[in-house]
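Student: Could you take one part of this model and go through it slowly with me? I'd like to follow it on screen as you talk.

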Amino acid sequence: MLCALFEMKTLCCSSAPSTLNGHVHGSSFSNSALALPSLKTSAFSKASTKLRVGVTKASVAVEQQTQQTKVALIRIGTRGSPLALAQAYETRDKLMASHSELAEEGAIQIVIIKTTGDKILSQPLADIGGKGLFTKEIDEALLNSEVDIAVHSMKDVPTYLPDGTILPCNLEREDVRDAFISLSATSLADLPSGSVVGTASLRRKSQILHRYPSLNVQENFRGNVQTRLRKLNEGVVQATLLALAGLKRLNMTENVTSTLSIDDMLPAVAQGAIGIACRSNDDKMAEYIASLNHEETRLAVVCERAFLTTLDGSCRTPIAGYACRNEDGNCLFRGLVASPDGTRVLETSRVGPYAVEDMIEMGKDAGKELLSRAGPGFFSS
(Lines give C-alpha, C1' and ligand atoms only; values in the text may rest on other atoms or scores of the structure.)
Protein backbone atom coordinates (compact mmCIF):
# COMPACT_ATOMS: atom_id res chain seq x y z
CA MET A 1 0.00 0.00 0.00
CA LEU A 2 1.38 3.38 -0.84
CA CYS A 3 2.91 5.48 1.89
CA ALA A 4 0.46 8.06 3.26
CA LEU A 5 1.03 11.76 2.89
CA PHE A 6 -1.65 13.66 4.72
CA GLU A 7 -3.16 16.67 3.04
CA MET A 8 -5.52 18.11 5.58
CA LYS A 9 -7.78 21.10 5.70
CA THR A 10 -9.77 22.24 8.70
CA LEU A 11 -13.28 23.54 8.29
CA CYS A 12 -15.28 25.64 10.68
CA CYS A 13 -18.31 23.75 11.96
CA SER A 14 -20.64 26.57 10.93
CA SER A 15 -20.48 25.74 7.23
CA ALA A 16 -22.79 23.06 5.71
CA PRO A 17 -24.44 19.61 5.97
CA SER A 18 -22.78 16.62 7.81
CA THR A 19 -20.70 13.42 7.12
CA LEU A 20 -18.56 10.52 8.35
CA ASN A 21 -15.47 8.54 7.39
CA GLY A 22 -12.69 6.57 9.08
CA HIS A 23 -10.80 3.30 9.01
CA VAL A 24 -7.83 0.92 8.17
CA HIS A 25 -4.20 1.39 9.14
CA GLY A 26 -0.98 -0.33 10.01
CA SER A 27 0.14 -3.89 9.47
CA SER A 28 -1.57 -5.64 12.40
CA PHE A 29 -5.31 -5.95 12.24
CA SER A 30 -7.94 -7.22 14.66
CA ASN A 31 -11.11 -8.98 13.49
CA SER A 32 -14.09 -6.62 13.60
CA ALA A 33 -16.97 -6.42 13.08
CA LEU A 34 -33.00 -0.85 6.76
CA ALA A 35 -35.72 -0.24 5.23
CA LEU A 36 -35.56 1.15 1.71
CA PRO A 37 -36.82 4.70 1.47
CA SER A 38 -39.11 5.22 -1.42
CA LEU A 39 -37.87 7.37 -4.27
CA LYS A 40 -39.74 8.88 -7.16
CA THR A 41 -37.28 8.11 -9.93
CA SER A 42 -36.76 10.71 -12.59
CA ALA A 43 -38.96 10.14 -15.59
CA PHE A 44 -36.86 9.74 -18.70
CA SER A 45 -37.71 12.62 -20.93
CA LYS A 46 -35.36 14.70 -23.08
CA ALA A 47 -32.40 12.57 -24.11
CA SER A 48 -30.43 15.67 -24.97
CA THR A 49 -30.79 17.18 -21.48
CA LYS A 50 -27.42 17.45 -19.79
CA LEU A 51 -26.93 16.07 -16.31
CA ARG A 52 -26.34 18.33 -13.36
CA VAL A 53 -22.79 17.93 -12.16
CA GLY A 54 -22.45 21.10 -10.10
CA VAL A 55 -20.72 21.30 -6.76
CA THR A 56 -22.67 20.61 -3.58
CA LYS A 57 -23.02 22.70 -0.48
CA ALA A 58 -20.48 20.44 1.18
CA SER A 59 -17.86 21.05 -1.49
CA VAL A 60 -18.51 24.79 -1.49
CA ALA A 61 -17.93 24.77 2.24
CA VAL A 62 -14.38 23.57 1.66
CA GLU A 63 -13.60 26.98 0.18
CA GLN A 64 -15.31 28.85 2.99
CA GLN A 65 -12.73 28.27 5.68
CA THR A 66 -12.39 30.59 8.66
CA GLN A 67 -9.87 30.75 11.46
CA GLN A 68 -10.84 28.55 14.42
CA THR A 69 -11.33 30.61 17.56
CA LYS A 70 -11.20 27.71 20.03
CA VAL A 71 -9.86 24.20 20.35
CA ALA A 72 -12.33 21.76 18.85
CA LEU A 73 -13.87 19.12 21.08
CA ILE A 74 -14.13 16.74 18.13
CA ARG A 75 -12.06 16.61 14.94
CA ILE A 76 -13.78 14.56 12.23
CA GLY A 77 -11.50 12.85 9.70
CA THR A 78 -12.91 12.40 6.19
CA ARG A 79 -12.02 12.20 2.53
CA GLY A 80 -12.46 15.41 0.57
CA SER A 81 -14.97 14.39 -2.11
CA PRO A 82 -18.34 16.17 -2.11
CA LEU A 83 -20.05 12.93 -1.04
CA ALA A 84 -17.58 12.22 1.76
CA LEU A 85 -18.01 15.80 3.00
CA ALA A 86 -21.80 15.49 2.87
CA GLN A 87 -21.51 12.42 5.08
CA ALA A 88 -19.13 14.19 7.47
CA TYR A 89 -21.48 17.15 7.78
CA GLU A 90 -24.40 14.81 8.40
CA THR A 91 -22.42 13.31 11.28
CA ARG A 92 -21.51 16.75 12.59
CA ASP A 93 -25.12 17.93 12.53
CA LYS A 94 -26.33 14.84 14.38
CA LEU A 95 -23.65 15.30 17.04
CA MET A 96 -24.59 18.96 17.45
CA ALA A 97 -28.27 18.07 17.78
CA SER A 98 -27.59 15.36 20.36
CA HIS A 99 -25.03 17.14 22.59
CA SER A 100 -25.42 20.79 23.56
CA GLU A 101 -21.70 21.34 24.19
CA LEU A 102 -21.02 20.34 20.58
CA ALA A 103 -23.47 22.89 19.23
CA GLU A 104 -21.18 25.78 20.14
CA GLU A 105 -19.21 27.47 17.38
CA GLY A 106 -15.85 25.78 16.80
CA ALA A 107 -16.68 22.70 18.87
CA ILE A 108 -16.43 20.40 15.84
CA GLN A 109 -13.84 20.64 13.07
CA ILE A 110 -13.74 18.67 9.84
CA VAL A 111 -10.29 17.52 8.71
CA ILE A 112 -9.85 16.46 5.08
CA ILE A 113 -7.42 13.62 4.42
CA LYS A 114 -6.41 12.49 0.95
CA THR A 115 -6.32 8.70 0.63
CA THR A 116 -4.52 6.36 -1.74
CA GLY A 117 -7.79 5.73 -3.58
CA ASP A 118 -8.16 9.47 -4.17
CA LYS A 119 -4.59 9.88 -5.43
CA ILE A 120 -4.48 7.07 -7.99
CA LEU A 121 -7.33 7.36 -10.48
CA SER A 122 -5.67 5.97 -13.59
CA GLN A 123 -5.90 2.29 -12.60
CA PRO A 124 -8.76 -0.04 -11.62
CA LEU A 125 -9.17 -0.44 -7.86
CA ALA A 126 -8.34 -4.14 -8.12
CA ASP A 127 -4.93 -3.32 -9.59
CA ILE A 128 -3.84 -1.01 -6.77
CA GLY A 129 -4.75 -3.12 -3.77
CA GLY A 130 -8.49 -2.93 -3.20
CA LYS A 131 -8.94 -3.16 0.56
CA GLY A 132 -8.35 -0.01 2.56
CA LEU A 133 -7.67 2.28 -0.38
CA PHE A 134 -10.15 4.87 0.90
CA THR A 135 -9.57 4.41 4.63
CA LYS A 136 -5.91 3.66 5.41
CA GLU A 137 -4.65 7.24 5.73
CA ILE A 138 -7.72 8.29 7.71
CA ASP A 139 -7.16 5.43 10.15
CA GLU A 140 -3.53 6.41 10.53
CA ALA A 141 -4.58 9.98 11.35
CA LEU A 142 -7.01 8.58 13.91
CA LEU A 143 -4.36 6.41 15.57
CA ASN A 144 -1.90 9.33 15.55
CA SER A 145 -4.51 11.49 17.35
CA GLU A 146 -4.64 13.93 14.45
CA VAL A 147 -8.42 13.38 14.35
CA ASP A 148 -10.80 12.07 17.00
CA ILE A 149 -13.36 10.21 14.91
CA ALA A 150 -13.44 8.99 11.34
CA VAL A 151 -16.43 8.90 9.02
CA HIS A 152 -16.49 6.19 6.32
CA SER A 153 -18.72 4.83 3.60
CA MET A 154 -19.09 1.35 5.07
CA LYS A 155 -18.67 -0.38 1.73
CA ASP A 156 -15.09 1.04 1.65
CA VAL A 157 -14.21 -0.38 5.08
CA PRO A 158 -12.19 -3.61 5.09
CA THR A 159 -13.59 -6.46 7.17
CA TYR A 160 -10.65 -6.13 9.60
CA LEU A 161 -10.24 -2.88 11.51
CA PRO A 162 -6.75 -1.72 12.52
CA ASP A 163 -5.66 -2.50 16.08
CA GLY A 164 -6.54 0.35 18.39
CA THR A 165 -9.76 1.36 16.60
CA ILE A 166 -13.42 0.46 16.98
CA LEU A 167 -16.45 1.19 14.81
CA PRO A 168 -19.44 1.22 17.19
CA CYS A 169 -21.80 3.32 15.10
CA ASN A 170 -23.70 3.15 11.83
CA LEU A 171 -26.03 5.98 10.89
CA GLU A 172 -29.43 5.02 9.53
CA ARG A 173 -28.97 3.45 6.13
CA GLU A 174 -29.97 5.21 2.92
CA ASP A 175 -31.57 3.52 -0.09
CA VAL A 176 -29.28 0.63 -1.06
CA ARG A 177 -30.30 0.40 -4.71
CA ASP A 178 -28.26 1.38 -7.76
CA ALA A 179 -29.33 4.15 -10.13
CA PHE A 180 -29.15 3.88 -13.93
CA ILE A 181 -28.13 7.15 -15.61
CA SER A 182 -28.11 7.76 -19.35
CA LEU A 183 -28.82 10.52 -21.88
CA SER A 184 -30.02 8.09 -24.54
CA ALA A 185 -31.77 5.15 -22.89
CA THR A 186 -34.37 4.52 -20.18
CA SER A 187 -32.77 1.35 -18.77
CA LEU A 188 -30.01 -1.20 -19.33
CA ALA A 189 -32.43 -3.23 -21.42
CA ASP A 190 -33.01 -0.22 -23.67
CA LEU A 191 -29.32 0.21 -24.57
CA PRO A 192 -28.35 -0.90 -28.11
CA SER A 193 -25.92 -3.78 -28.50
CA GLY A 194 -22.32 -2.60 -28.06
CA SER A 195 -23.23 0.40 -25.92
CA VAL A 196 -20.54 1.35 -23.42
CA VAL A 197 -21.51 1.35 -19.73
CA GLY A 198 -19.01 2.90 -17.33
CA THR A 199 -18.42 1.56 -13.83
CA ALA A 200 -15.58 1.12 -11.35
CA SER A 201 -17.32 -1.88 -9.77
CA LEU A 202 -16.75 -5.52 -10.73
CA ARG A 203 -19.98 -6.30 -8.86
CA ARG A 204 -21.94 -4.09 -11.23
CA LYS A 205 -19.97 -5.22 -14.28
CA SER A 206 -20.60 -8.93 -13.67
CA GLN A 207 -24.32 -8.49 -13.03
CA ILE A 208 -24.73 -6.26 -16.10
CA LEU A 209 -22.93 -8.73 -18.38
CA HIS A 210 -24.82 -11.67 -16.89
CA ARG A 211 -28.12 -10.18 -18.07
CA TYR A 212 -26.93 -8.12 -21.05
CA PRO A 213 -23.84 -9.82 -22.55
CA SER A 214 -24.03 -7.65 -25.69
CA LEU A 215 -23.12 -4.51 -23.74
CA ASN A 216 -19.55 -3.24 -23.41
CA VAL A 217 -18.65 -2.46 -19.78
CA GLN A 218 -15.76 -0.04 -19.21
CA GLU A 219 -14.28 -1.16 -15.89
CA ASN A 220 -12.01 1.75 -14.95
CA PHE A 221 -14.70 4.44 -14.91
CA ARG A 222 -13.45 6.09 -11.73
CA GLY A 223 -13.78 9.47 -10.04
CA ASN A 224 -16.34 11.12 -7.79
CA VAL A 225 -20.01 11.45 -8.73
CA GLN A 226 -19.48 14.81 -10.46
CA THR A 227 -16.55 13.47 -12.51
CA ARG A 228 -18.50 10.43 -13.70
CA LEU A 229 -21.50 12.52 -14.72
CA ARG A 230 -19.22 14.90 -16.61
CA LYS A 231 -17.71 11.97 -18.54
CA LEU A 232 -21.21 10.77 -19.35
CA ASN A 233 -22.15 14.24 -20.61
CA GLU A 234 -19.04 14.24 -22.79
CA GLY A 235 -20.03 10.95 -24.42
CA VAL A 236 -17.20 8.86 -22.98
CA VAL A 237 -19.85 6.25 -22.11
CA GLN A 238 -23.52 5.85 -22.98
CA ALA A 239 -24.62 5.00 -19.42
CA THR A 240 -23.38 4.50 -15.90
CA LEU A 241 -24.61 3.11 -12.59
CA LEU A 242 -24.20 4.99 -9.31
CA ALA A 243 -25.31 4.27 -5.76
CA LEU A 244 -28.66 5.93 -5.20
CA ALA A 245 -27.66 6.69 -1.60
CA GLY A 246 -24.86 9.00 -2.73
CA LEU A 247 -27.07 10.85 -5.19
CA LYS A 248 -29.67 11.40 -2.48
CA ARG A 249 -27.09 12.69 -0.01
CA LEU A 250 -25.82 15.09 -2.67
CA ASN A 251 -29.35 16.21 -3.66
CA MET A 252 -28.68 15.07 -7.22
CA THR A 253 -31.49 12.58 -7.80
CA GLU A 254 -32.78 14.60 -10.76
CA ASN A 255 -29.96 12.92 -12.71
CA VAL A 256 -31.46 9.46 -12.15
CA THR A 257 -32.97 7.93 -15.29
CA SER A 258 -34.33 4.85 -13.51
CA THR A 259 -33.68 2.81 -10.38
CA LEU A 260 -32.63 -0.82 -10.53
CA SER A 261 -34.49 -3.28 -8.32
CA ILE A 262 -32.68 -5.50 -5.84
CA ASP A 263 -33.56 -8.44 -8.09
CA ASP A 264 -31.81 -6.82 -11.06
CA MET A 265 -28.75 -5.53 -9.23
CA LEU A 266 -27.89 -6.86 -5.77
CA PRO A 267 -26.02 -4.09 -3.89
CA ALA A 268 -22.52 -4.11 -2.49
CA VAL A 269 -22.03 -5.21 1.09
CA ALA A 270 -22.90 -2.25 3.37
CA GLN A 271 -23.94 -0.01 0.45
CA GLY A 272 -25.77 3.10 1.67
CA ALA A 273 -24.42 2.80 5.23
CA ILE A 274 -22.13 5.28 6.99
CA GLY A 275 -19.77 4.11 9.74
CA ILE A 276 -18.07 6.16 12.46
CA ALA A 277 -14.85 4.94 14.07
CA CYS A 278 -12.78 6.12 17.03
CA ARG A 279 -9.80 4.93 19.04
CA SER A 280 -10.58 1.94 21.24
CA ASN A 281 -9.22 3.70 24.34
CA ASP A 282 -11.22 6.90 23.83
CA ASP A 283 -14.32 6.36 25.94
CA LYS A 284 -15.58 9.92 25.44
CA MET A 285 -15.61 9.68 21.65
CA ALA A 286 -17.09 6.19 21.81
CA GLU A 287 -19.91 7.58 23.95
CA TYR A 288 -20.52 10.49 21.57
CA ILE A 289 -20.78 8.38 18.44
CA ALA A 290 -22.63 5.47 20.05
CA SER A 291 -25.45 7.94 20.73
CA LEU A 292 -25.93 8.25 16.95
CA ASN A 293 -26.04 4.52 16.22
CA HIS A 294 -28.99 3.07 14.28
CA GLU A 295 -29.11 -0.51 15.53
CA GLU A 296 -31.17 -1.99 12.71
CA THR A 297 -28.61 -0.70 10.21
CA ARG A 298 -25.68 -1.87 12.32
CA LEU A 299 -27.03 -5.43 12.52
CA ALA A 300 -27.67 -5.56 8.77
CA VAL A 301 -24.12 -4.38 8.11
CA VAL A 302 -22.71 -6.94 10.57
CA CYS A 303 -24.56 -9.72 8.75
CA GLU A 304 -23.33 -8.62 5.34
CA ARG A 305 -19.74 -8.18 6.52
CA ALA A 306 -19.78 -11.67 8.08
CA PHE A 307 -20.66 -12.97 4.61
CA LEU A 308 -17.85 -10.95 3.01
CA THR A 309 -15.32 -12.04 5.65
CA THR A 310 -16.15 -15.70 5.09
CA LEU A 311 -15.59 -15.28 1.36
CA ASP A 312 -12.41 -13.28 2.05
CA GLY A 313 -13.56 -11.07 -0.79
CA SER A 314 -11.40 -8.54 -2.56
CA CYS A 315 -11.86 -6.00 -5.34
CA ARG A 316 -10.99 -8.78 -7.80
CA THR A 317 -14.05 -10.84 -6.91
CA PRO A 318 -17.58 -9.63 -7.70
CA ILE A 319 -19.49 -10.04 -4.42
CA ALA A 320 -22.88 -8.63 -3.40
CA GLY A 321 -24.79 -9.00 -0.15
CA TYR A 322 -27.85 -7.43 1.39
CA ALA A 323 -29.64 -7.95 4.72
CA CYS A 324 -32.94 -6.32 5.62
CA ARG A 325 -35.94 -6.80 7.86
CA ASN A 326 -38.79 -8.59 6.07
CA GLU A 327 -42.53 -8.16 6.59
CA ASP A 328 -42.46 -10.67 9.47
CA GLY A 329 -39.76 -8.75 11.30
CA ASN A 330 -37.10 -11.35 10.54
CA CYS A 331 -33.81 -10.86 8.72
CA LEU A 332 -33.75 -11.70 5.02
CA PHE A 333 -30.22 -12.04 3.66
CA ARG A 334 -29.30 -12.43 0.01
CA GLY A 335 -25.76 -13.07 -1.21
CA LEU A 336 -24.08 -13.38 -4.61
CA VAL A 337 -20.67 -14.16 -6.10
CA ALA A 338 -19.85 -14.04 -9.78
CA SER A 339 -17.10 -14.36 -12.35
CA PRO A 340 -15.94 -10.92 -13.59
CA ASP A 341 -17.28 -11.62 -17.09
CA GLY A 342 -20.73 -12.47 -15.72
CA THR A 343 -20.82 -15.95 -17.24
CA ARG A 344 -21.14 -17.55 -13.83
CA VAL A 345 -23.31 -16.12 -11.04
CA LEU A 346 -24.04 -17.98 -7.80
CA GLU A 347 -26.75 -16.76 -5.41
CA THR A 348 -28.15 -17.82 -2.05
CA SER A 349 -30.46 -16.50 0.67
CA ARG A 350 -31.23 -16.98 4.37
CA VAL A 351 -34.07 -16.03 6.71
CA GLY A 352 -33.70 -15.89 10.49
CA PRO A 353 -34.21 -13.81 13.64
CA TYR A 354 -33.19 -10.14 13.47
CA ALA A 355 -30.62 -10.55 16.25
CA VAL A 356 -26.88 -10.10 16.10
CA GLU A 357 -25.67 -13.66 16.72
CA ASP A 358 -28.24 -15.17 14.39
CA MET A 359 -27.44 -12.65 11.66
CA ILE A 360 -23.69 -13.18 11.92
CA GLU A 361 -24.25 -16.92 11.60
CA MET A 362 -26.53 -16.42 8.59
CA GLY A 363 -23.87 -14.37 6.83
CA LYS A 364 -21.15 -16.89 7.58
CA ASP A 365 -23.29 -19.85 6.53
CA ALA A 366 -24.26 -18.20 3.24
CA GLY A 367 -20.59 -17.48 2.55
CA LYS A 368 -19.57 -21.08 3.26
CA GLU A 369 -22.26 -22.34 0.90
CA LEU A 370 -21.11 -20.16 -1.98
CA LEU A 371 -17.45 -21.05 -1.35
CA SER A 372 -18.39 -24.72 -1.61
CA ARG A 373 -20.47 -24.25 -4.73
CA ALA A 374 -17.86 -22.06 -6.44
CA GLY A 375 -15.12 -24.64 -6.04
CA PRO A 376 -11.32 -24.31 -6.10
CA GLY A 377 -9.89 -21.50 -8.17
CA PHE A 378 -13.09 -19.47 -8.52
CA PHE A 379 -11.89 -16.62 -6.30
CA SER A 380 -8.32 -16.62 -7.57
CA SER A 381 -9.15 -16.63 -11.27
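Tutor: Sure. In this predicted model, helix 5 lies across strand 8, strand 9 (196–198), strand 10 and strand 11 (239–243), and runs at about 130° to strand 11. Helix 6, residues 225–233, packs on the sheet too, where the helix touches strand 8 and strand 11. The direction of helix 6 makes about 165° with that of strand 11.

Let's lay out the sheet itself. Five strands make an open sheet, and reading across you get the order 10-9-11-8-12, with mixed pairing. Strand 10 (216–218) and strand 12 (258–259) are the edge strands; each has a single partner strand, so one side of each is left without a neighbour in the sheet. At the strand 12 end, the pairing is with strand 8 (residues 178–182), antiparallel, over 2 bridges. If you want a spot to click on, take Ala-179: its bridge partner in strand 12 is Thr-259.

Now go back to helix 5, which spans residues 202–211 and contains Gln-207. Is Gln-207 buried or exposed? With a relative accessibility of 3%, Gln-207 counts as buried, because the cut-off for buried is under 20%. Setting aside residues up to four places away in sequence, Gln-207 touches Asp-264, Met-265, Leu-266, Ala-320 and Leu-336. Keep Ala-320 and Leu-336 from that list in mind, as they take us to another sheet. Strand 14 covers 319–325, and strand 15 covers residues 331–338.

So, on to that sheet. It's an open one made of 3 strands in the order 14-15-16, and the pairing is antiparallel. Strand 14 and strand 16 stand at the edges with a single partner strand each, so each has one side left without a neighbour in the sheet. From one strand to the next, the twist averages 10°.

Helix 9 packs on this sheet and touches strand 14 and strand 15, with its direction at about 150° to that of strand 14. Helix 10 packs on the sheet as well, but touches strand 15 and strand 16, and its direction makes about 155° with that of strand 16.

How are the strands joined up? Strand 14 and strand 15 pair in the antiparallel sense over 7 bridges, and they form a hairpin with 5 residues between them. Gly-329 sits in that turn and has a positive phi of about 85°. Along this pairing, Tyr-322 faces Arg-334 of strand 15.

The next pairing joins strand 15 to strand 16 (residues 345–352), again antiparallel, over 8 bridges. These two strands also make a hairpin, here with 6 residues between them, and Gly-342 in the turn has a positive phi of about 75°. You can walk along strand 15 and check its partners: Cys-331 stands opposite Gly-352, Phe-333 opposite Arg-350, and Gly-335 opposite Thr-348. Strand 15 is mostly covered, with 7 of its 8 residues buried.

Next, the two helices on that sheet. Helix 9 (residues 295–311) and helix 10 (residues 356–374) pack with their axes 7 Å apart, at an angle of about 30°. They are therefore roughly parallel to each other, since angles under 35 degrees count that way. Their crossing is right-handed. On the helix 9 side, the contact residues include Leu-299, Val-302, Cys-303, Ala-306 and Phe-307; on the helix 10 side, they include Met-359, Ile-360, Gly-363, Ala-366 and Leu-370. Sorted by class, the contact has 13 nonpolar, 3 polar and 2 charged residues.

One residue pulls this together nicely, so let's finish on Cys-303, which lies in helix 9. Its relative accessible area is 0%, so Cys-303 is buried. What does Cys-303 touch, leaving aside neighbours within four places in sequence? The contacts are Ala-323, Cys-331, Phe-333, Met-359 and Gly-363. You've met several of these already: Cys-331 is the residue opposite Gly-352, Phe-333 is the one opposite Arg-350, and Met-359 and Gly-363 belong to the helix 10 side of the helix contact. As for the two cysteines, Cys-303 and Cys-331 are 28 residues apart along the chain, and their C-alpha atoms are separated by 9.3 Å.

Conventions. Residues numbered from 1 in each chain as written. Predicted model: local features only at pLDDT ≥ 70, side-chain atom pairs only at ≥ 80, totals over all residues. Heavy atoms only, no water. Axes fitted to C-alpha atoms, helices over the stretch in contact; angles between N-to-C directions. Helix = DSSP H or I, 4+ residues; strand = E, 2+ residues; numbered from the N terminus. Parallel < 35°, antiparallel > 145°, perpendicular 65-115°, else oblique. Left-handed = near helix turned anticlockwise from the far one by under 90°. Contact = heavy atoms within 4.5 Å. Nonpolar A, V, L, I, M, F, W, Y, C, P; charged D, E, K, R; others polar. Pairing = 2+ DSSP bridges. Buried < 20%, exposed > 50% of the residue type's maximum accessible area, 1.4 Å probe, protein only.
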